[in-house]
Amino acid sequence: RELSVTDPWSPEQNVRGGTAYLKRLLDRFGDLELALAAYNAGPEAVLQHSGVPPYAETREYVRKIRCLLDGGCEEDGELDGRPVRIERGPDNRIRITTSGAGG
């Protein structure tokens with residue numbers, strides 16, 4: 001409710017809620033890696049560990065997203081087995097698109 005998501009199965013509401021939540025975390029932590037870690041493990045875990053928690057899943061999540069955004073790792077271009085295309089628009093916004101197994 002706090003993020004105006006009334007139907008979590010609605011792709012539009014889900015994306016809007018997720019991006020609003022990530023924005024809040026970016027504002028709160030002021031650091032992309034900490035915000036990504038909080039998105040994955042929860043803000044309390046980031047506060048408790050004074051940084052990215054030592055959870056393998058969270059560290060891998062942060063690494064994957066940073067690689068996708070920075071374009072500097074061998075996994076770039078694939079997420080969960082699906083091709084990923086990352087573009088930065090003229091307004092400097094990042095657009096990430098994926099396609100399913102069939103293309």
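## Briefing: a tyrosine cluster and a nonpolar core

Arg66 sits in helix H4, which runs over residues 56-70. Keep in mind that this is a predicted model, with an average pLDDT of 83 across the protein. Two things are worth a look here: three tyrosines that form one aromatic cluster, and a largest nonpolar core of 12 residues.

**How far to trust it**

- Of the residues, 79% score at least 70 in pLDDT.
- Helix H3 (residues 43-48) comes out with the highest confidence, at a mean of 98.
- At the other end is strand E1 (residues 78-79), where the mean drops to 64, the lowest in the protein.
- Where pLDDT is low, don't read the predicted coordinates in detail.

**Arg66**

- Arg66 counts as partly exposed because its relative accessibility is 24%, which falls between the 20% limit for buried and the 50% limit for exposed.
- Glu33 is 33 residues away from Arg66 in sequence, yet their C-alpha atoms are 7.9 Å apart in space.

**The tyrosine cluster**

- There are two aromatic pairs in the count.
- One of them is Tyr21 with Tyr39, a tilted pair with 5.7 Å between the ring centres and 40° between the planes.
- Tyr21 belongs to helix H1 (residues 11-29) and Tyr39 to helix H2 (residues 32-41), so this pair ties together parts 18 residues apart in sequence.
- Tyr39 also pairs with Tyr61: the centres are 6.5 Å apart and the planes meet at 10°, so this pair is stacked.
- Because Tyr39 lies in helix H2 and Tyr61 in helix H4, the stacked pair ties together parts that are 22 residues apart in sequence.
- Put together, Tyr21, Tyr39 and Tyr61 make up one aromatic cluster.
- As for accessibility, Tyr21 is partly exposed at 27% relative accessible area, Tyr39 is partly exposed at 35%, and Tyr61 is partly exposed at 24%.

**The nonpolar core**

- The 12 residues of the largest nonpolar core are Leu25, Phe29, Ala35, Leu36, Ala37, Ala38, Val46, Val52, Val62, Ile65, Leu68 and Val84.
- Helices H1, H2 and H4 are the elements that each give two or more residues to this core.
- The top contributor is H2, with four residues.
- Val46 is one of the core residues; leaving aside neighbours within four places in sequence, Val46 is in contact with Phe29, Leu34, Ala37, Ala38, Gly51 and Pro53.
- Among those contacts of Val46, Phe29, Ala37 and Ala38 are themselves members of the core.

Terms used. Residues numbered from 1 in each chain as written. Predicted model: local features only at pLDDT ≥ 70, side-chain atom pairs only at ≥ 80, totals over all residues. Heavy atoms only, no water. pLDDT = per-residue confidence, 0-100. Buried < 20%, exposed > 50% of the residue type's maximum accessible area, 1.4 Å probe, protein only. Phe/Tyr/Trp six-rings, centres within 6.5 Å; stacked < 30°, edge-to-face > 60°. Core = buried A, V, L, I, M, F, W, Y, C linked by side-chain atoms within 4.5 Å. Contact = heavy atoms within 4.5 Å.
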